[in-house]
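Here are my notes on the model, set out as numbered points for you to check against the coordinates. I begin with a cavity and its lining, and then turn to the sheet, a hairpin and some individual residues.

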Amino acid sequence: MTPQAPIIRTAGEGDKQTFLGGGLHTWKLLAEDTGGALFMFEDEMVKGKTTPLHTHPTDEISHLLEGEILSYVDGVETRLTAGSVVYVPRGVEHAFLVLSDTARILAMGSPGTSQSFYRGASIPAVGWDQDFQSLSATLSLPPGWMLAHASGADAISSTWLQHWTLMDL
């Protein structure tokens, strides 16, 4: 295996992409940078941003840098504040909802194979004023990903997951 070159990216540095599911991703490490070991991006989101209940075949770590998020992991709902860390092993159902006006997380996936989902559902960022009404996208889940719950909240105790749209993906 070829040793990887060290990479240093300072605050604000990285490829900026508008994620069509909501949020501004600043890519700190691409899978290509780490020999496929992992990827890492900072995600800036606004109140109400949610993900559908889902699983994937990669491990996920999220560090909440700013804001407040309601997390749902493996049947447990937890209110998270800045400094919180969530580790979701591959195959475990999870989702989240941004509660504060804004939130910022540092998200990592290992191995880096699921990077293709995030990058494929993103466009180069031009700021928060992107006209989403003029955009279109096709949801293409990588092998091993599963959308566990597309609508309603009958399978969980809470109702916050029942109101999401394709833009929330």
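1. The lining of the second largest cavity draws at least two residues from each of β5, β6, β8 (85-88) and β9 (94-98). Among these contributors β5 gives the most, with 4 residues. Please bear in mind throughout that this is a predicted model.

2. The second largest cavity encloses about 160 Å³ of space, and the structure holds 2 cavities of 30 Å³ or more. Its lining comprises 15 residues, and those that lie nearest the centre of this second largest cavity are S62, S71, L80, V86 and F96. Sorted by class, the lining of the second largest cavity consists of 9 nonpolar, 5 polar and 1 charged residues.

3. As to the overall layout, the chain contains 1 helix and 12 strands, and along the sequence these elements follow the pattern β-β-β-β-β-β-β-β-β-β-α-β-β. Of the 169 residues in the chain, 46% are buried.

4. Which strands make up the open sheet, and in what order do they come? There are 7 of them, in the order β8-β5-β10-β3-β2-β1-β11, and the pairing is antiparallel. The edges are taken by β8 and β11 (122-124), and because each of these has a single partner strand, one side of each is left without a neighbour in the sheet. From one strand to the next, the twist averages 25 degrees.

5. At the β11 edge, the partner strand is β1 (residues 15-19), which runs antiparallel to β11 and is joined to it by 3 bridges. When inspecting this pairing, one may start from F19, whose bridge partner in β11 is S122.

6. The strands β6 and β7 deserve a separate look, since they pair in the antiparallel sense over 6 bridges and form a hairpin with 2 residues between them. Within this pairing, Y72 stands opposite E77 in β7.

7. In the turn of that hairpin, D74 has a positive phi of about 55 degrees, and the residue concerned is one other than glycine. D74 is placed in the loop between β6 (68-73) and β7 (76-81). Is D74 buried or exposed? Its relative accessibility is 59%, and because a residue counts as exposed when that value is over 50%, D74 is classed as exposed.

8. H56 presents the opposite case in terms of accessibility, although this residue also lies in a loop, the one between β4 (53-55) and β5 (59-66). The relative accessible area of H56 is 3%, so this residue is buried, the cut-off being under 20%. The side chain of H56 is joined to that of H94 by a polar contact of 3.2 Å.

9. Finally, I would draw attention to the peptide bond that joins S110 and P111, which is cis, with omega at about -5 degrees. P111 lies in the loop between β10 (102-110) and α1 (115-120).

Notes:
Residues are numbered from 1 along each chain as its sequence is written. This is a predicted model: local features need pLDDT of at least 70, side-chain atom pairs count only at pLDDT 80 or more; totals for chains, interfaces and linings use all residues. Side-chain values use heavy atoms; hydrogens and water are left out. Buried means under 20% relative accessible area, exposed over 50%, partly exposed in between (1.4 Å probe, protein chains only). A polar contact is a pair of N or O atoms within 3.5 Å; within protein, one must be able to donate a hydrogen and the other to accept it, and residues adjacent in sequence count only if both atoms are side-chain atoms. On a 1 Å grid over the protein atoms alone, a cavity is a set of points where a 1.4 Å probe fits but cannot get out, and a pocket is an open set with protein on both sides within 12 Å along at least five of seven lines; lining residues have an atom within 4 Å of a point. Grid points are joined across faces, edges and corners, and a volume is the space filled by probe spheres set on the points. Ala, Val, Leu, Ile, Met, Phe, Trp, Tyr, Cys and Pro count as nonpolar, Asp, Glu, Lys and Arg as charged, and the others, Gly among them, as polar. Two strands pair if DSSP finds at least two bridges between them. Axes are lines fitted to C-alpha atoms, for helices over the stretch in contact, and angles run from 0 to 180 degrees between N-to-C directions.
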